[in-house]
Amino acid sequence: MNKLFLDKQPITIDELVDVARNSRPVAFSPQGESRVCRTRKLVDRWIQGKKVIYGITTGFGAMCDVIIPEKDARQLQINILQSHAAGVGNPLPDEVVRAIMALRVHDLSLGYSGCSMDPINYLLAFLNKGLCPIVPEKGSVGASGDLAPTAHLCLVLIGRGEANFNGFRMSGAEALAQIGLTPLQLNAGEGLAVINGTQVMTAIAVLVVHDAIRLS
């Protein structure tokens, strides 16, 4: 089966369904990697210049006026994932979670979020090796972003949360070890970058639209 490059523009509904339901292999082009790395270098330069940037050198929401010392930047990324992972209910089906991950990679590939290639490479590995984070079905705040579901998904990046792998439910750390990865250390701003978006509702909509067209 041909690999789908998730940084290409655009991705079709059928391609996304192929990844979600048929485990189509995914990849990332050198051009996409160059775009992501170029933006990350800009963010790193801003951090070194001590610029005040929401969610990167400051706290979030009501804490937006609080400057975060550089030594605490990585702890802040852990905090935003853990504080937002407040979903409840049954887990979303694996096919939905796979679609979410593919859409997150596509979104991050645009280069606007300022993350490095590390979270992207981990999500690509999850898709290609069949690791599927456990994401509760309730908790999205809609147009403000699917922050709770994506926080649950991205907890596995740092070895927390839970995941399905080879038919077994296990801790995020154990799942990472199963595919030869260690918990990721997110850089400044990457916690916000990986959870901020509407890819959960988009993933569900894509699968529903595909099935509706097929039925009709």
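Me: By class, how many nonpolar, polar and charged residues does the lining of the largest pocket have?

Reply: Happy to help, and please keep in mind that this is a predicted model. The largest pocket holds about 320 Å³ of space, and 16 residues line it. Sorted by class, that lining has 8 nonpolar, 2 polar and 6 charged residues.

Me: Which elements give two or more residues to the lining of the largest pocket?

Reply: Let's start at the pocket's centre, where the closest lining residues are Ile-47, Ile-68, Pro-69, Glu-70 and Ala-73. The elements that supply two or more lining residues are α2 (30–48) and α3 (73–84).

Me: How do the residues lining the second largest pocket divide into classes?

Reply: This pocket has about 180 Å³ of space. Its lining includes Ile-53, Tyr-54, Asp-107, Ser-113 and Asn-196. Tyr counts as nonpolar and Asp as charged, and the full lining divides into 6 nonpolar, 3 polar and 1 charged.

Me: Which strands are the edge strands of the open sheet?

Reply: The open sheet is formed by 3 strands in the order β4-β6-β7, with antiparallel pairing. An edge strand here pairs on one side only, and that holds for β4 (132–133) and β7 (168–171).

Me: What is the bridge partner of Cys-132 in β6?

Reply: Strands of a sheet pair through backbone hydrogen bonds, either parallel or antiparallel. Here β4 and β6 (residues 162–165) pair in the antiparallel sense, over 2 bridges. For Cys-132, the bridge partner in β6 is Asn-164.

Terms used: Residues numbered from 1 in each chain as written. Predicted model: local features only at pLDDT ≥ 70, side-chain atom pairs only at ≥ 80, totals over all residues. Heavy atoms only, no water. Pairing = 2+ DSSP bridges. Helix = DSSP H or I, 4+ residues; strand = E, 2+ residues; numbered from the N terminus. 1 Å grid on protein atoms, 1.4 Å probe; cavity = no way out; pocket = protein on both sides within 12 Å on 5 of 7 lines; lining within 4 Å. Points joined across faces, edges and corners; volume = space filled by probe spheres on them.
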